[in-house]
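Student: Got a minute to walk through this one with me? I'd like to start with the charged side chains.
Tutor: Sure, let's put it up.

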Amino acid sequence: MIIGYGRVSTIDQSLDVQTDAIEKYAADHGEELKLFTEKQSGGKRDRQALKQAMDTARKGDIFVIYKLDRLARSTKDLLEITEELAQRGVQFVSINDSLDTTTAAGKAMFGMLAVFAEFERNIIRERTEAGLQAARRRGRTGGRPTLDKRMKQQIKALYDAKESATDIAKLLNVGRSTVYKVLKEFEETAGV
């Protein structure tokens, strides 16, 4: 069976080119087609029609899209989706990109995409680690500075004087979540 998926980003865009191509692919291969379409941003991973298409796909099926950017915005998302399909024994075809995992060349191409995506992740991780090490050598440890006991007591006193957490945060130049965290510490130590 062919599981077709088509997507456009906005309501005024047409799905016709995609659905026509997927329907032709199914007809050319003599396979039954279940087609799922939606008008939704590709940046969202939790797209309803995509979820339905993925849930419908079974071992031996072929998941067909018109173009890679209709399925995912990033290489990472694309690989996650196609790896999930592969683990379930579902082949993958992108008509316009001539990618077809039912062929040896298509499988090799996807293998290369996976290698490049992993390479990209490793480069980002290495750059991040190098930046952190350089900062440490210069004496910077990162993160926000810890509040001293006096500052914490000042937060508590202002809160007890009926100041709002927002006003305290602005006055002392700290985050509102920091104010709540300090108040929670006082609450926990009072309960001990």
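Tutor: Start with D160 and K156, whose side chains meet in a salt bridge at 3.0 Å, N to O. A salt bridge here is a side-chain nitrogen of Lys or Arg within 4 Å of a carboxyl oxygen of Asp or Glu. One caveat: this is a predicted model, where local features need pLDDT of at least 70, side-chain atom pairs count only at pLDDT 80 or more, and totals for chains, interfaces and linings use all residues. Residues are numbered from 1 along each chain as its sequence is written, and side-chain values use heavy atoms, with hydrogens and water left out.

Student: OK, and how are D160 and K156 separated in helix α5?
Tutor: By about one helical turn, because D160 and K156 are four residues apart in helix α5. Helices are DSSP runs of H or I with at least four residues, strands are runs of E with at least two, and both are numbered from the N terminus.

Student: Is D160 buried or exposed?
Tutor: In between: D160 is partly exposed, with a relative accessible area of 45%, and K156 is partly exposed too, at 27%. The cut-offs are under 20% for buried and over 50% for exposed, with partly exposed in between (1.4 Å probe, protein chains only).

Student: How many salt bridges does the count come to?
Tutor: The count comes to seven salt bridges. One of them joins D69 to R70, with the closest N and O atoms 3.2 Å apart. D69 is partly exposed at 34%, whereas R70 counts as buried at 16%.

Student: What about R136, which residue does it form a salt bridge with?
Tutor: With E129, and there the closest N and O atoms are 3.7 Å apart. R136 is partly exposed at 46% relative accessibility, and E129 is partly exposed at 35%.

Student: Switching to the greasy stuff. Which residues have the most contacts inside the largest nonpolar core?
Tutor: Y5, F63, L71, L85 and F92, in a core of 21 residues. A nonpolar core means a set of buried Ala, Val, Leu, Ile, Met, Phe, Trp, Tyr and Cys residues joined through side-chain atoms within 4.5 Å. The elements giving two or more residues to this core are β1 (2–8), α2 (48–56), β3 (62–65) and α3 (75–87).

Student: And what does L85 touch?
Tutor: Leaving out residues up to four places away in sequence, L85 touches M54, A57, F63, V90 and F92. Contact there means heavy atoms within 4.5 Å. Apart from this core lies another one, of 11 residues, including M151, I168, A169 and V182.

Student: M151, hmm. What reaches its backbone nitrogen?
Tutor: The side chain of D148, at 2.8 Å. D148 lies in the loop between α4 (104–137) and α5 (149–160) and is partly exposed, at 42% relative accessibility.

Student: How far is D148 from Q48?
Tutor: They are 49 Å apart in space, C-alpha to C-alpha, and 100 residues apart in sequence.

Student: And G60, where is that?
Tutor: In the loop between α2 and β3. G60 counts as exposed, at 54% relative accessibility. Its C-alpha atom is separated from that of M1 by 7.6 Å, though the two are 59 residues apart along the chain.

Student: Last one: where does M112 sit, and is it buried or exposed?
Tutor: M112 is in helix α4, and with a relative accessible area of 43% it is partly exposed.

Notes. A polar contact is a pair of N or O atoms within 3.5 Å; within protein, one must be able to donate a hydrogen and the other to accept it, and residues adjacent in sequence count only if both atoms are side-chain atoms.
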